[in-house]
There are 4 protein chains.
Amino acid sequence: MTGGLKNRGKTKADTEERRKAVEKFSGSKLGCVSSYAFDPQLAEKNIENMIGAVQVPLGFVGPLKVNGDFAKGEFLVPMATTEGALLATVNRGCSALALGGGANVFIVKDEMTRAPVFRVRDLRHGREVTNWIATHSAQIMEAAESTTKHGKLVGVRTFESGRSLFVRFSFETGDAMGMNMATIASEKAANVIEEGTGAKLISVSGNVCVDKKPSGVDFILGRGKTVVADATLPEDVVKEKLKATPEEMAEAALRKDLVGSAMSLSLGQNAHVANMLAAVFIATGQDPAQVVEGSMGMTTAEAVDGSLYVSLRLPALEVGTVGGGTKLPCQSEALSIMGCLGAGKAKKFAEIVAAACLAGELSTLAAQATGTLASAHKALGR
Amino acid sequence: MTGGLKNRGKTKADTEERRKAVEKFSGSKLGCVSSYAFDPQLAEKNIENMIGAVQVPLGFVGPLKVNGDFAKGEFLVPMATTEGALLATVNRGCSALALGGGANVFIVKDEMTRAPVFRVRDLRHGREVTNWIATHSAQIMEAAESTTKHGKLVGVRTFESGRSLFVRFSFETGDAMGMNMATIASEKAANVIEEGTGAKLISVSGNVCVDKKPSGVDFILGRGKTVVADATLPEDVVKEKLKATPEEMAEAALRKDLVGSAMSLSLGQNAHVANMLAAVFIATGQDPAQVVEGSMGMTTAEAVDGSLYVSLRLPALEVGTVGGGTKLPCQSEALSIMGCLGAGKAKKFAEIVAAACLAGELSTLAAQATGTLASAHKALGR
Amino acid sequence: MTGGLKNRGKTKADTEERRKAVEKFSGSKLGCVSSYAFDPQLAEKNIENMIGAVQVPLGFVGPLKVNGDFAKGEFLVPMATTEGALLATVNRGCSALALGGGANVFIVKDEMTRAPVFRVRDLRHGREVTNWIATHSAQIMEAAESTTKHGKLVGVRTFESGRSLFVRFSFETGDAMGMNMATIASEKAANVIEEGTGAKLISVSGNVCVDKKPSGVDFILGRGKTVVADATLPEDVVKEKLKATPEEMAEAALRKDLVGSAMSLSLGQNAHVANMLAAVFIATGQDPAQVVEGSMGMTTAEAVDGSLYVSLRLPALEVGTVGGGTKLPCQSEALSIMGCLGAGKAKKFAEIVAAACLAGELSTLAAQATGTLASAHKALGR
Amino acid sequence: MTGGLKNRGKTKADTEERRKAVEKFSGSKLGCVSSYAFDPQLAEKNIENMIGAVQVPLGFVGPLKVNGDFAKGEFLVPMATTEGALLATVNRGCSALALGGGANVFIVKDEMTRAPVFRVRDLRHGREVTNWIATHSAQIMEAAESTTKHGKLVGVRTFESGRSLFVRFSFETGDAMGMNMATIASEKAANVIEEGTGAKLISVSGNVCVDKKPSGVDFILGRGKTVVADATLPEDVVKEKLKATPEEMAEAALRKDLVGSAMSLSLGQNAHVANMLAAVFIATGQDPAQVVEGSMGMTTAEAVDGSLYVSLRLPALEVGTVGGGTKLPCQSEALSIMGCLGAGKAKKFAEIVAAACLAGELSTLAAQATGTLASAHKALGR
């Protein structure tokens with residue numbers, strides 16, 4: 001046994017030994033992080049070198065009225081954050097949405113992707129490989145799906161540039177977010193392709209996937225769940241709850257989300273979708289690094305016949321209700337609040353998340369349109 | 001008093017009341033989230049509607065050897081995650097870096113931005129406003145800086161499109177990440193511009209800032225800290241620690257990070273920078289939604305005279321060591337591990353974060369180059 | 001009759017009258033533009049308000065050896081330009097390619113697109129429209145194809161954002177570039193959709209097409225012909241013809257085309273593809289505004305076993321050999337030089353164009369890698 | 001003497017010999033291209049391997065009323081095209097603009113750029129080079145400006161990624177478009193940097209310039225001339241001339257130029273700016289490959305107090321009135337029509353070009369908003 005910093009064990013005692021070694025190395029006292037309420041062995045598949053836990057303040061917003069295909073009714077949405085004013089803002093949006101009949105939400109597409117890159121001899125070899133893939137789809141599918149109970153290979157698309165050939169696999173992954181499932185299945189499929197064609201696998205991820213980087217491919221083709229949400233709010237609701245007129249909201253959306261985002265070459269045309277995603281992701285054990293592609297949302301607002309129409313499009317919302325951090329105690333509880341823990345709940349959860357993002361967009365757009373953003377932060381935040 | 005779900009109080013009792021109301025509303029038991037180790041009133045500026053805390057497993061990587069302008073020496077880096085294999089991966093990278101003499105890091109630029117959008121009458125009016133800003137910079141600076149002790153307005157750049165005029169303010173924000181400081185100061189400056197020119201402020205954030213969305217402006221001009229890091233590893237270190245040759249690493253970086261990212265129109269040319277950022281951000285009380293722009297890193301690898309040269313460029317790393325979530329108990333402890341808590345530490349912290357990202361990039365690139373990514377996830381993760 | 005500047009006639013006399021009116025209005029003598037060799041009525045579908053013709057110097061490069069699916073053999077390629085050194089550069093590339101066995105070229109995809117935008121009541125209405133389109137594809141296809149002899153509707157893809165619904169139609173357009181064909185057919189299809197669904201057509205082009213603007217959609221999904229070309233050149237050819245080593249070429253391609261293009265967020269990773277396209281397009285009566293999307297090419301160069309491997313990927317090469325300017329006398333002659341005039345030649349022509357672009361890329365990359373770009377321009381250009 | 005295809009001479013006889021050799025090689029008769037009205041030796045700096053000239057139909061639009069800083073009054077604008085309906089469309093826009101008082105235009109920025117890429121040892125070396133450049137600006141400026149009479153080095157900006165260092169030089173280039181001037185000056189400056197720092201010049205163009213590729217850098221920072229134009233049209237003018245209402249125009253601009261362009265990740269938010277640019281560029285001897293970056297324009301339309309406000313922003317309009325193709329006979333004549341030939345005219349010319357683009361945008365937006373685009377093409381085009 002190496003002990004101290006080099007201890008690689010997973011028990012409470014191992015964790016404590018490491019924590020003390022860290023205290024000693026750094027000269028800092030680690031009290032708060034050592035007081036957590038679960039057995040470290042529950043997290044043995046979630047982290048290595050554990051020394052404790054970070055406690056992130058958890059609150060809720062809602063009731064959030066959702067009219068989805070899977071989520072129907074009123075939900076409280078747990079959010080973990082350290083950014084003052086965030087929950088108050090989203091909560092105001094929930095109230096406004098409720099008065100407008102709720103958020104209408106549905107899922108347009110649902111596929112997780114992974115794109116290995118191969119080295120081929122030249123473009124013609126690449127074409128042969130592409131053709132080989134097309135004519136051996138059953139074999140590739142069988143290999144890929146041999147690695148997973150829940151994953152199904154539902155699409156393959158190739159992109160070639162010189163000696164680099166990218167094969168973008170799309171999977172249905174059930175209620176898991178599915179990134180690891182897709183990686184493992186793609187590696188197996190890639191090995192079949194290697195053997196059948198002489199192409200050389202260079203990386204199981206060739207960055208045409210694209211995981212945890214903002215990208216045009218995900219923006220245009222989607223990754224995980226592509227979800228859309230909208231709502232129509234009567235003028236009086238807008239005025240009373242949001243202190244703005246529909247026209248002011250529309251103008252702010254126009255100049256900020258559309259013109260401003262175009263001017264800055266932004267891959268997201270929204271106010272702060274990433275805030276809602278990060279807070280819900282942390283609360284519920286999602287992968288917070290996937291807030292990156294999640295952030296690429298487009299928010300629109302229009303004044304229609306005196307009412308306010310608002311919408312949000314999320315091309316790449318990557319969430320799951322099984323696997324990953326979802327089974328940790330606090331995170332499970334957070335999912336439970338929405339009735340979204342476990343199998344059969346991922347689509348429902350995605351719809352609720354999108355509706356919560358819409359609520360946040362609505363409220364912040366109003367705050368910005370009426371010049372109260374800074375004052376809200378002064379009053380509620382740091 | 002409204003009570004239950006509508007209770008807006010900040011005390012422990014309020015928090016408990018709300019938690020019970022949530023339990024009742026949702027029919028779910030909230031045990032883990034209610035066992036946290038700090039007084040909710042400590043978080044009164046960090047969250048509203050608090051019902052408890054989420055416990056995110058915390059571990060560490062390191063020692064990470066950093067040769068920075070501000071961070072010099074070996075550091076343990078706290079990371080909070082639920083993604084198995086992440087810390088093991090980064091840790092391997094730390095070992096390799098250490099054997100290569102450590103990561104060389106420095107900060108290229110350090111400015112936080114906010115860009116209000118104004119409605120002007122037409123382009124000529126917009127030009128007058130731009131000119132007015134140029135000739136009234138002292139007045140604008142005075143207004144902006146009247147709102148902050150630590151912030152300094154160091155740059156103004158305008159962008160015009162028709163009746164929309166964007167004024168991108170750049171601030172030095174000391175050891176705070178500085179977004180709220182910049183927002184409050186920009187609002188004041190914007191009011192001065194409104195009064196002086198007749199331009200109408202439409203939104204204090206006009207999405208040319210750009211906060212929490214991936215964007216060309218941040219990629220090219222930077223936001224927060226632009227940090228670069230590199231290292232040179234002898235061939236034997238690469239082979240022994242990373243199980244790869246420098247040439248294999250270079251080829252994987254070429255086809256994945258450069259060709260693949262180009263093919264997918266990715267705004268990040270890296271493997272998984274967002275992972276390291278998310279884990280460190282959550283551990284240390286940063287704003288996790290800012291992982292979005294943080295993720296836009298470029299990783300390069302070259303075989304040079306038999307050794308491996310690796311580098312990382314982070315154009316928009318937004319971190320602070322005061323304010324926000326940094327003062328919460330667990331988060332403070334995490335910062336303390338690196339000697340990065342409080343005033344005078346933000347640049348040091350940014351350098352350590354960049355070095356940790358480089359470690360993670362190095363290790364994952366090797367795992368992908370040698371075909372062990374999927375197996376690592378199978379062994380260590382879910 | 002209005003006469004003078006307002007004359008709208010198409011005869012030689014009308015043209016002359018207009019020219020004289022322009023001379024009078026502007027006080028400038030128009031001699032060169034009035035001496036052209038064709039009857040203006042031949043151009044009656046190509047221009048309005050004709051006053052003459054501009055004479056653009058025409059040269060040729062080649063022989064260019066092409067190993068395509070449709071273009072096989074050696075070709076002289078006509079190029080019209082006023083940019084000194086361009087033809088000399090491309091010509092050098094042709095020589096080098098010939099010594100390496102020629103350029104291997106093929107077409108990956110061949111579809112012209114047009115994407116009307118509709119206003120829908122809300123997202124659910126948009127979903128209904130999308131579903132209606134899916135279940136009425138025969139009717140839509142019939143309407144679209146009723147407008148054209150050669151066009152076939154081969155794909156429909158919808159994108160929704162709030163009350164805006166984009167329907168991207170893909171057409172096979174035979175030997176025509178096909179933009180007008182696609183527009184006319186899309187309008188008819190759009191009218192069918194309007195009638196069937198209550199969606200309101202806002203613009204027959206909704207900028208998800210995307211014509212004459214650089215765009216992610218065209219870069220990723222292609223528009224017109226997606227063509228790839230490559231070649232392998234022995235080291236001695238590289239050294240003698242291009243005055244560079246394969247390694248120097250690879251390094252220039254790496255730092256310039258990949259790292260540099262990434263750094264500048266370029267939608268093209270090449271040296272000057274647009275130059276070759278513009279010169280060939282003008283010579284052969286293509287639409288020169290489509291150089292825009294044509295320019296989005298990716299050039300790679302690698303040193304492989306001592307040789308130089310170079311490749312080019314053109315995702316959106318929009319060319320035709322019938323229609324548009326191809327039937328004008330000079331332009332027809334230019335197409336004839338390559339045996340590419342008229343029906344059945346568009347794919348052959350596209351392959352030759354891609355090979356010529358590869359030749360230009362190869363040569364300019366060498367000039368830049370060896371520091372002779374500026375001197376070439378000094379010697380040959382202005 | 002080599003003769004035939006290999007003849008490299010510049011005289012009329014050489015040109016004829018080559019043309020005949022091309023006829024023989026290809027078996028095609030080249031009559032039209034051989035009947036041109038100028039001495040080939042006039043084009044000796046504009047082309048190599050000349051065999052004749054291509055005659056592109058030339059027309060005009062206007063009078064176009066321009067209220068610029070340099071262009072004031074009414075202008076006829078020459079356009080060379082083979083795309084039917086283009087001039088008619090732009091002409092309609094000119095009429096509408098005239099009735100609205102003309103296009104207001106001005107130049108926001110005017111700098112040509114070139115960005116060599118250097119190989120440095122590592123990031124620290126790169127930082128030393130950056131610092132060296134900052135402290136040797138006089139020496140670098142002197143070297144750069146020693147190569148040119150008209151060019152002035154007015155800015156330097158460095159971008160680093162690992163061992164690649166990009167130095168983006170900005171030049172004022174007088175009335176020349178300035179690309180070659182900037183290239184030659186940059187090479188000289190780069191040599192000074194090489195000698196002073198040990199950095200190795202890899203390519204005088206490192207694709208952070210960015211020439212002839214669409215790019216974020218040019219979109220955001222500009223290249224050549226950044227020009228803006230706008231106009232306000234009374235409702236009756238819009239209705240009578242454009243057959244649309246201001247509200248219809250605004251809606252088409254919103255859904256197409258803003259939402260659609262966002263959805264397709266377009267680097268241009270316009271209808272067809274490239275069309276006007278290509279036609280004017282070919283007519284006047286500009287570099288038609290630079291239509292690429294020119295195409296990145298943003299068009300907006302708003303209904304304001306019953307009138308229609310339209311605007312266009314062109315971040316990268318690269319034009320000149322001396323050098324390049326401007327001195328060829330036809331092209332000179334075309335410039336003369338606008339009083340834009342020669343020294344002191346480049347800014348005036350740029351303003352007219354931008355105004356012409358606005359006219360084309362206005363008219364095509366109306367055609368699309370009212371559903372007459374396809375019918376116009378059917379009636380006037382092929």
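This passage describes how chain D meets chain C and chain B in a predicted model. Residues are numbered from 1 along each chain as its sequence is written, while chains are lettered from A and ligands numbered from 1 in the order in which they are written. Local features need pLDDT of at least 70, side-chain atom pairs count only at pLDDT 80 or more, and totals for chains, interfaces and linings use all residues, with side-chain values based on heavy atoms and with hydrogens and water left out.

A good place to start is the meeting of chain C and chain D. Here 131 residues of chain C are in contact with 130 residues of chain D, contact meaning heavy atoms within 4.5 Å. The size of an interface is often given as the accessible area lost when the parts come together. For chains C and D this buried area (accessible area, 1.4 Å probe, that two parts lose on being put together, summed over both) is about 10,300 Å², with 61% of it on carbon and sulfur atoms.

Four salt bridges are counted between chain C and chain D, each a side-chain nitrogen of Lys or Arg within 4 Å of a carboxyl oxygen of Asp or Glu. C:Arg119 and D:Glu251 form a salt bridge, with their closest N and O atoms 2.7 Å apart. On the side of chain C that touches chain D, strand β1 (residues 50-67) of chain C gives the largest share, 12 residues; strands here are DSSP runs (E, at least two residues), numbered from the N terminus. That side of chain C divides into 63 nonpolar, 44 polar and 24 charged residues, where Ala, Val, Leu, Ile, Met, Phe, Trp, Tyr, Cys and Pro count as nonpolar, Asp, Glu, Lys and Arg as charged, and the others, Gly among them, as polar.

Strand β1 of chain C also pairs with strand β1 (residues 50-67) of chain D: nine bridges join them, and the two run antiparallel. Pairing requires that DSSP find at least two bridges between two strands. Within this arrangement, C:Gly59 stands opposite D:Met50.

Chain D also meets chain B, with 32 residues of chain B in contact with 32 residues of chain D. These two chains bury about 2,800 Å² between them, 56% of it on carbon and sulfur atoms. In chain B, the residues losing the most area to chain D are B:Leu123, B:Arg163 and B:Ile220, together 22% of what that side buries. Eight salt bridges are counted between chains B and D. B:Arg163 takes part in one with D:Glu302, their closest N and O atoms being 3.0 Å apart.

Conventions:
Helices (H or I, at least four residues) and strands (E, at least two) are DSSP runs, numbered from the N terminus.
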